[in-house]
Amino acid sequence: MVCLKVLTSIFVLTVSSVKATERIVGGEKAELGQFPYQVAIYFIDKANNTFICGGSIVNEEWILTAAHCSYDRLRAIVLAGSVDRSRPTKGQQVFFLDSQDFKTHPEYDRKGIKNDITLLPQKINYTENIQPVTLLIDDFGPKHTFSSSYVHQFTGYK
């Protein structure tokens, strides 16, 4: 947990130095199939406003996203198998979910941003461009620290 808090602090400091108009910092457009676990999620609130978040395919039945994205939202539309939200991609899958389907961590703390995870249940058909995320399985030891030998890559939608 200490490592996560330190990383979060570093991330906040880094992001705060970026202009508010810049949406991707040092990012590159992904090729179709490059990140087959990445999904775009459109969350819709009571006023019919739409908020876009990313998510990761965990397995054939679950998509992982942040609880702060699903908080107080009525519906979600999930787009898998695409890198372009502006037009359909051959083979993409679209899922529609209602808020009662959202499985938010029971101890999610909106103010402290703790336990910030939501699972979205969905039957997903794997294709070349739709695959689960590869999870790192390693013994980090009693202090749960991350080794600098791992390369970290962040993906998402603009």
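This is a short walk through one chain, its strand pairing, its disulfide and its salt bridges.

The model you are looking at is predicted. The chain has 158 residues, and 28% of them count as buried. About 11400 Å² of the chain is exposed, with 56% of that area supplied by carbon and sulfur atoms.

Secondary structure next. The chain holds two helices and seven strands. In sequence order the pattern reads α-β-β-β-α-β-β-β-β. As for contacts, take those between residues at least 6 apart in sequence: 61% of them join residues at least 24 apart.

Now the strands, beginning with E1 and E2. How do E1 and E2 run relative to each other, parallel or antiparallel? They run antiparallel, and seven bridges join them. One pair to find on the screen is tyrosine 42, whose bridge partner in E2 is isoleucine 52. The two strands form a hairpin with five residues between them. Within that hairpin, asparagine 48 takes a positive phi near 70°.

E2 also pairs with E3, the strand covering residues 62-65. This pairing is antiparallel too, with three bridges. Here the hairpin connection consists of two residues. Asparagine 59 has tryptophan 62 as its bridge partner in E3. So E2 takes part in both pairings, with E1 and with E3, given that two strands count as paired at two bridges or more. A general point to keep in mind while looking at these strands: in a regular strand, side chains alternate between the two faces of the sheet.

E2 brings us to the disulfide. How many disulfides does the chain have? The count is one. It is formed by cysteine 53 and cysteine 69, with the sulfur atoms 1.9 Å apart. Because cysteine 53 sits in strand E2 and cysteine 69 in helix H2, the link ties together parts 16 residues apart in sequence. The angle about the S-S bond is -90°, and the link is left-handed. Are the two cysteines buried or exposed? Cysteine 53 has a relative accessibility of 14%, so it counts as buried. Cysteine 69 is buried as well, at 6%.

Last, the charged pairs. In general, side chains of opposite charge can pair when their charged atoms come close. In this chain the count is two salt bridges.

Which residue does lysine 46 meet in a salt bridge? The partner is aspartate 72, at 3.5 Å from N to O. This pair links distant parts of the chain, the two residues being 26 apart. Lysine 46 is in the loop between strand E1 (38-44) and strand E2 (50-59), while aspartate 72 is in the loop between helix H2 (67-70) and strand E4 (75-80). Lysine 46 has a relative accessible area of 63%, so it is exposed. Aspartate 72, at 45%, is partly exposed.

The other salt bridge joins aspartate 84 and arginine 87, and their closest N and O atoms are 3.2 Å apart. What about burial at the two ends? Aspartate 84 has a relative accessible area of 16%, which means it is buried. Arginine 87 is exposed, at 55%.

To put two of these items side by side: the disulfide joins strand E2 to helix H2, and the salt bridge of lysine 46 and aspartate 72 joins the loop between E1 and E2 to the loop between H2 and E4. That is the end of the walk-through.

Conventions: Residues numbered from 1 in each chain as written. Predicted model: local features only at pLDDT ≥ 70, side-chain atom pairs only at ≥ 80, totals over all residues. Heavy atoms only, no water. Helix = DSSP H or I, 4+ residues; strand = E, 2+ residues; numbered from the N terminus. Buried < 20%, exposed > 50% of the residue type's maximum accessible area, 1.4 Å probe, protein only. Contact = heavy atoms within 4.5 Å. Areas by Shrake-Rupley, 256 points an atom, 1.4 Å probe, with all protein chains shown as cover. Salt bridge = Lys/Arg side-chain N within 4 Å of Asp/Glu carboxyl O. Disulfide = S-S within 2.5 Å.
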